[in-house]
Structures are given as structure tokens and as C-alpha cells.
Amino acid sequence: MRRIKVLIDRKGKIIVDAEGFVGPVCVKEVDKLLSSLKELGLDLDIEEHKLKPEFYQRVEIRKEVKVGE
Amino acid sequence: MSCWARVKCKIVIKNDASRALLRRALEVIAKKLNSEVKENFLVVGYGRERRCQFAIPKRLTFGNAIGINITADGRIELVGDFHGAFNLVQRVKRDLERTYMALAIIQSAQQLGWTVNVNEVTEGIVIDLGVRR
């Protein structure tokens, strides 16, 4: 399951952690959440952005094509 | 001796949706203070008073409530006579911001069709979002 964990700490700082994503999809999903929050008056500045190794993994798409049948 | 103050929050109220969310966040805070949310309330302090859009009635040294106003630019201000209650007001401010953030994240995630699970832990509020494909 793809998950986004959000921690709002005691000082009001937000820490976001995405799990189970491959490639840049996690960034897109977090961006969706951030733009939705902007509509509700929360304009959050990203102070630090750490990309996990999964971000750099390629999504392999296989397609079999049969010729001459 | 009084201490009439205005304490600004980080949240910006832009539309009806964010105003409704503010109201819900205030209800959570009021419940923690064994109080309730009043609208269009006259906040009274030592020799001074001000009508506020929202208020959480609370007996303070000189004040009768913590007033909450939305300024022209959408910012939220806590207003009142906070003499002897500055720690309480700072805690309310912090709690209001955190509660508003949590409610906004929950509402946004639900609108995106994600599953939501909320837990309060020592470090703060953990919101676990299940992202559907």
C-alpha cells in the first residue's frame, strides 16, 4: 500500500514521509495534497526535501508484441 | 493593570471552507478548555472591550474570554486581556494552529479519495494517509 505519513509536531512543524512509491509519483501525490491545503489557507513552505533511493528507481513497463500471427 | 493583546496565527482564512474549518478547530480547543465557541461575542478586559467574530469564554484575571478575529487579509488574531494568562494564550494559539492543520490535512486527503488514520503520540499528531492508485 502506498502511504503518506504526516507528523504535526508539538511546535507545529510538519514532517511528511512517503512509503511504497517508486519513482517521482510520491512527489506528485504530496504536491496534490499541498495544493489542496493551500485552498484551505495553509501555504506550507518546504524547508527540507530528502529523496529516498526509491525515487531513483525506474518503473519498468513491459509490452509484448507478437509479430506475424 | 491589564495586558490587552493581539496574537497572530499562521493560518490564512480565504473562503467559506477555511472559515468552517476554523470553526471546527475552535470547537476542539474550546472542548479542551471546558468551554464552547460563541460568535459575535463582546470580549471584555480591564477598561477595554472589543466585539469578536468568535470567542471562547474563559474566566481570566481581567478578561472574560479569548476572542478570535479574522483580519482583512485573512489572518487569525487572538484578542483579549491576557494579563496573567499569556502561557495559556500561547498554548491556545499553538493548539489552534496544529488542530487546524490536522483537520485541513484530513479534509484534503478525504477529498482526494485517500484513507485517513489519525493518532496522537508523544511527538505530536500522526496522520497516516493511504494513497489509492
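Start by selecting Gly41(A): in this predicted model, the glycine sits just after helix 1 of chain A and takes a positive phi of about 90°.

Now step back into helix 1 itself, residues 25-39 of chain A. Try a distance between its end C-alpha atoms: they are 22 Å apart, and since 15 residues at 1.5 Å a residue should span 21 Å, the two values agree.

Next, colour Cys26(A), Val30(A) and Leu33(A), the buried residues of this helix. Look down the axis of helix 1 of chain A and you'll see them fall within an arc of 55°, so they line one face of the helix. The general rule is handy here: an α-helix has 3.6 residues a turn, so residues three or four places apart point the same way.

Swing round to the other side of the helix and pick Lys28(A), Asp31(A) and Ser35(A), which are exposed.

What covers the buried residues of helix 1 of chain A? Show strand 1 and strand 2 (14-19) of chain A, then add helix 2 (86-111) of chain B; the cover includes these elements.

For the last stop, go to Ile4(A), in strand 1 (residues 2-9) of chain A. Is Ile4(A) buried or exposed? Ile4(A) has 23 C-beta neighbours inside 10 Å, so it counts as buried. Beyond the neighbours within four places in sequence, its contacts include Val30(A) and Leu33(A), both of them on the list of buried residues of helix 1. Across in chain B, Ile4(A) touches Leu129(B) and Val131(B). Finish with Ala18(A), another contact of Ile4(A): the pair are 14 residues apart in sequence, yet 4.4 Å apart in space, C-alpha to C-alpha.

Definitions and conventions. Residues numbered from 1 in each chain as written. Chains lettered and ligands numbered in written order. Predicted model: local features only at pLDDT ≥ 70, side-chain atom pairs only at ≥ 80, totals over all residues. Helix = DSSP H or I, 4+ residues; strand = E, 2+ residues; numbered from the N terminus. Buried ≥ 20, exposed ≤ 12 C-beta atoms within 10 Å, placed from the backbone. Contact = placed C-beta atoms within 7 Å. Expected span 1.5 Å × (residues − 1). Arc of directions from axis to C-beta.
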